[in-house]
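Student: Can you walk me through this structure? I'd like to start with the overall picture and then go into details.

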2 protein chains.
Amino acid sequence: MSSFKELLLLLLIVQISRGYKEKGPRFQPTVGEVWPKPNSRINYGDYFEVSENLNFLVNPGSCAIVQQAVIRYKDMIIEKSKKSYVKSEDRATSQIVQNFQITFTDSCTVNMIPNEEMDESYTLKSNSLEAKSVWGVLRGLETLSQIIVRTKLNKLIIPNTLITDAPRFPYRGIMIDTSRHFIEVDKIIELLDGMSFNKFNVLHWHMTDDQSFPFDSLVYPNLALKGAYFPDMIYSVQNVIAIVEYARLRGIRVIPEFDTPGHMGSWAASHPEIMTKCGGINNGIYGLINPSVPESWEFLYNLYEEIFGIFPDKYVHLGADEVDTDCWETNQGVQDWLVANNMDNVDLRYHYLERLAANTSSSFNRLPILWQEAFIENPGLTLPSKAIAQIWFDYKAVMAKITGDGYRTIMSDGWYLYVLDSGGDWEKFYTVEPTNWTGTASKKELVFGGEGCLWTEFLNSNNIIPTTFPRASAIAERLWSTKETTDINDATFRLEEHNCRMMLRGVHCRPANDFGFC
Amino acid sequence: MSSFKELLLLLLIVQISRGYKEKGPRFQPTVGEVWPKPNSRINYGDYFEVSENLNFLVNPGSCAIVQQAVIRYKDMIIEKSKKSYVKSEDRATSQIVQNFQITFTDSCTVNMIPNEEMDESYTLKSNSLEAKSVWGVLRGLETLSQIIVRTKLNKLIIPNTLITDAPRFPYRGIMIDTSRHFIEVDKIIELLDGMSFNKFNVLHWHMTDDQSFPFDSLVYPNLALKGAYFPDMIYSVQNVIAIVEYARLRGIRVIPEFDTPGHMGSWAASHPEIMTKCGGINNGIYGLINPSVPESWEFLYNLYEEIFGIFPDKYVHLGADEVDTDCWETNQGVQDWLVANNMDNVDLRYHYLERLAANTSSSFNRLPILWQEAFIENPGLTLPSKAIAQIWFDYKAVMAKITGDGYRTIMSDGWYLYVLDSGGDWEKFYTVEPTNWTGTASKKELVFGGEGCLWTEFLNSNNIIPTTFPRASAIAERLWSTKETTDINDATFRLEEHNCRMMLRGVHCRPANDFGFC
């Protein structure tokens, strides 16, 4: 297959290369176009000059999130643009924008956090931005920073424009797996930067898995001490707090996942007392968590208490993917406990997930997200009605099934970012449509969004950013823009510009399409 | 096809992930194994301690290349190893290696450069390295730095060993294309570092192509001024000199390619007077160079004079790939000139290549390398007998054909590094065998080596290094080690260690295989 693919590529290359080409990029980047594409944009045809001393007038002015965003975006608009390779033709300008008015109507409080109900809509004109919430202001400022460009004569200009915009889906995420490979903190920060430039609003942090436990819990320090790959491959509580705060200021939620009851090999390294020792073919291995001993529930309570102290989001991802119950079935203690409690092996699967979800809900007021298997393999599982299923394979059937049970879903099937092909392979992500399955309109309204997934079997700190951007930008546009935004040709040229823009701002993107300077 | 591949991957993932895994990497790296694998290695079973104040005694001691290498390798062996994630079990050691003796017999001169006839063989023991030439010393020091490791108790140890080693092929290269995307100087330096850790010995610099002309010629400054993507996307003469010198000190030749007669779109931006204006379907486009006007030959003479002043290698790559002669055939001036000189369109192809090769040979004493098309499309082309053909597709037929004409070849078919697949896809490069075609032993001796090719349509400074390493390491071992070195399982574990080692030394590699800490 690999050589067949190579042959196809070769033919393509030979075909492309023959003949004559003039100097320059294959796709000339657009100038001042927006990614992801806004819902509605009217250009009146004329331009205004933007002052190099642009003032942002903010009402109300006391909001820290907006004030900090203004500082960031002023730097991007005025300073970073000086080094841009994308320049506009010179334009006649009728007046100078000296003051830019930002207005929002909802309250802004010190500890407010982005959430599933946040309003991200905004209305942008050449000298004003109006939004209901601070989150809409953040999205509008990103758009503003994309439509102000420098001309070849180094003048800052903005078109006379009216943009009315709001996201199609409320949940637009990237999942990062920090267990298969440790990802350095500064790369997670760079990932958040790139996410904010694409209006993503959720970082789903798949913190732990079989391979390593990189979270340095203060309550159970042996988890990282014995479970991390190495003592310097850990995230301290301070690291996590800094990442969550960095995300919050950009309107990005951070949802933790400490996957159970499987994928816990790294927990077993330090806490075998909460694990189930397998019999049978896996004899002696610590497999799943052991729900039959009170230590396990106490442990989970204490750990989640710590986790929820530093991850303020209302949601928690409980994992529950790829659960092989062989160990429960071959462990005598578990089997004895089942008999004593009048349960069988099937009951145990329900018992574990329902008790875990109920505990996080009753004790910590958190709502669960789970991988699709929890819903599909356990029909009738009782979860909070606001629980969310994350779909990662066979989505046409699974979306229909799970929304049929009334649960909301997020789409990840087709959005596994480590799936690499030669070339500018973003189109395969762009053409995924989360509602492309058979179901009623009301069921499709349960599609709550989607997530690009960065499983790190083959990613580390050196290649995670160029693997993510600009390929994840395709997912961002699918989740933000209207369903009708499917023009590959239009997207190709805009993505070329967007890639130049992201690189200018310090995100180490790979090329978007083909030869060129972006 | 993409979704079929995704499905296969998915099945693979589901298959791998089900079941229970204990903490840790999928493939535990070896400790103190060598990449590429030496020809012969005997381990006597015992170990020596290596002093933290290890002295290198060099005879003769006046050789700058060796003295500088000693400084570099001492840093890797003593200092960089302190942060290594790969540690040996504690070993009993019988004595301390305090002095390490390096001896070589050939002369070492100030301006010596690596070349096609250099002797890279060496014999390495636990306290001595013997080689014929300084180049062998460089290769031996690399091996030495790989077999000295730190124990978990932080002691430096070396096994009592005897390594006798020499490369299978004299030409082991990486090609970099700096026209489709500009690659920053510091990334070329990092590429050279990585190459030296893999015993590569040629950097083939495909400097120019249709898309941009990044070399800042002092003789023809408009080439870069009008032909580079942007004024800061150029290599100054000083940049080139620094890169060539950095390579020389590591025993790496740098062979320039300024591709002609096609792939010259970026030349036309500044010097249309040497180009052929097309008629017919490409009407008005500047296609190939115009061999019918004396200005072209004068131009090439002057430019090559400058190029050869800063690239001292005996060889030059003349390009000549993908030549579409349509422009010559539709240009009236060229056609008139052919008539006046009693030539036809086929003659012109021969005339151009033979004259160019003869000129670089007679005026500059350089020998040519050309892409396979020059040989295949022009049977009986008269080139210097030491000319080399670079093979990039259909290698079984093409190798047989070109060696049948008595020319040497280098293999690149199957070694196009931008061909990406999900996962640790180095095996596809590892399993390429340059002599796997039908021919006599004497013909196969004409296979002079091979090259991994970094065409940069989809590579830029952000992803070129993790795309190259450790995938190119597979090519390095194929070209250095014996033909029988084909054990994928053995290579997998060694490559895991080698990747850790390269990263420790500052090369931004992607993961080699699967989850882990390297």
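Tutor: We'll take the two chains, then the cysteines, then one helix. Keep in mind that this is a predicted model.

Student: OK. What turn lays chain A on chain B?

Tutor: A turn of 180°, with a shift of 0.0 Å along the axis. The RMSD is then 0.0 Å. The two copies are thus related as by a two-fold rotation axis.

Student: Which C-alpha of chain A is nearest the axis?

Tutor: That of Asp421(A). In chain A, this C-alpha lies 2.7 Å from the axis.

Student: And through what surface do the copies meet?

Tutor: The same surface on each, because 100% of the interface residues of chain A are also interface residues in chain B.

Student: New topic. How many disulfides are there over all chains?

Tutor: Six. Let's take Cys63(A) and Cys108(A), which are joined with an S to S distance of 1.9 Å.

Student: Where do those two cysteines sit in chain A?

Tutor: Cys63(A) is in the loop between strand E1 (40–59) and helix H2 (64–79). Cys108(A) is in the loop between strand E2 (93–104) and strand E3 (122–125). They are 45 residues apart, so the pair counts as linking distant parts of the chain.

Student: Is that disulfide right-handed or left-handed?

Tutor: Right-handed, because the torsion about the S-S bond of Cys63(A) and Cys108(A) is about 70°.

Student: Is Cys63(A) buried or exposed?

Tutor: Buried, because its relative accessibility is 1%. Its partner Cys108(A) is at 23%, so it counts as partly exposed.

Student: What about Cys500(A) and Cys518(A)?

Tutor: They form a disulfide too, with sulfur atoms 1.8 Å apart. The torsion about the S-S bond of Cys500(A) and Cys518(A) is about -85°, so this disulfide is left-handed. Cys500(A) is in helix H18 (residues 488–504) of chain A, and Cys518(A) is in the segment after H18, 18 residues apart. Both Cys500(A) and Cys518(A) are buried.

Student: What is the pairing of the bonded cysteines in chain A?

Tutor: Numbered in sequence order, it is 1-2, 3-4, 5-6.

Student: Why is there no bond for Cys509(A)?

Tutor: Its sulfur is too far away for a bond, because the closest cysteine sulfur, in Cys500(A), is 9.6 Å off. Cys509(A) is at 0% relative accessibility, so it counts as buried.

Student: And Cys453(B)?

Tutor: Too far again: its sulfur is 19 Å from the closest cysteine sulfur, in Cys509(B). Cys453(B) counts as buried, because its relative accessibility is 0%.

Student: Let's switch to helix H10 of chain B. Which residues are buried there?

Tutor: Val334(B), Gln335(B), Trp337(B) and Leu338(B), in a helix of residues 332–340. Down the axis of H10(B), the buried residues fall within an arc of 160°, so they line one face of the helix.

Student: Why would residues a few places apart share a face?

Tutor: An α-helix has 3.6 residues a turn, so residues three or four places apart point the same way.

Student: What's on the other side of H10(B)?

Tutor: Gln332(B), Val339(B) and Ala340(B), which are exposed.

Student: What covers the buried residues?

Tutor: The cover of H10(B) includes strand E10 (275–277), helix H9 (326–330) and helix H11 (345–364) of chain B.

Student: Last one. What happens at the start of H10(B)?

Tutor: A side-chain oxygen of Asn331(B) comes within 2.9 Å of the backbone nitrogen of Gly333(B). Just after H10(B), Asn342(B) has a positive phi of about 60°.

Technical notes: Residues are numbered from 1 along each chain as its sequence is written. Chains are lettered from A and ligands numbered from 1 in the order in which they are written. This is a predicted model: local features need pLDDT of at least 70, side-chain atom pairs count only at pLDDT 80 or more; totals for chains, interfaces and linings use all residues. Side-chain values use heavy atoms; hydrogens and water are left out. Copies are superposed by least squares on the C-alpha atoms of residues with pLDDT of at least 70 in both. Contact means heavy atoms within 4.5 Å. A disulfide is a pair of cysteine sulfur atoms within 2.5 Å. Helices (H or I, at least four residues) and strands (E, at least two) are DSSP runs, numbered from the N terminus. Buried means under 20% relative accessible area, exposed over 50%, partly exposed in between (1.4 Å probe, protein chains only). The arc is that of the directions from the helix axis to the C-beta atoms. A polar contact is a pair of N or O atoms within 3.5 Å; within protein, one must be able to donate a hydrogen and the other to accept it, and residues adjacent in sequence count only if both atoms are side-chain atoms.
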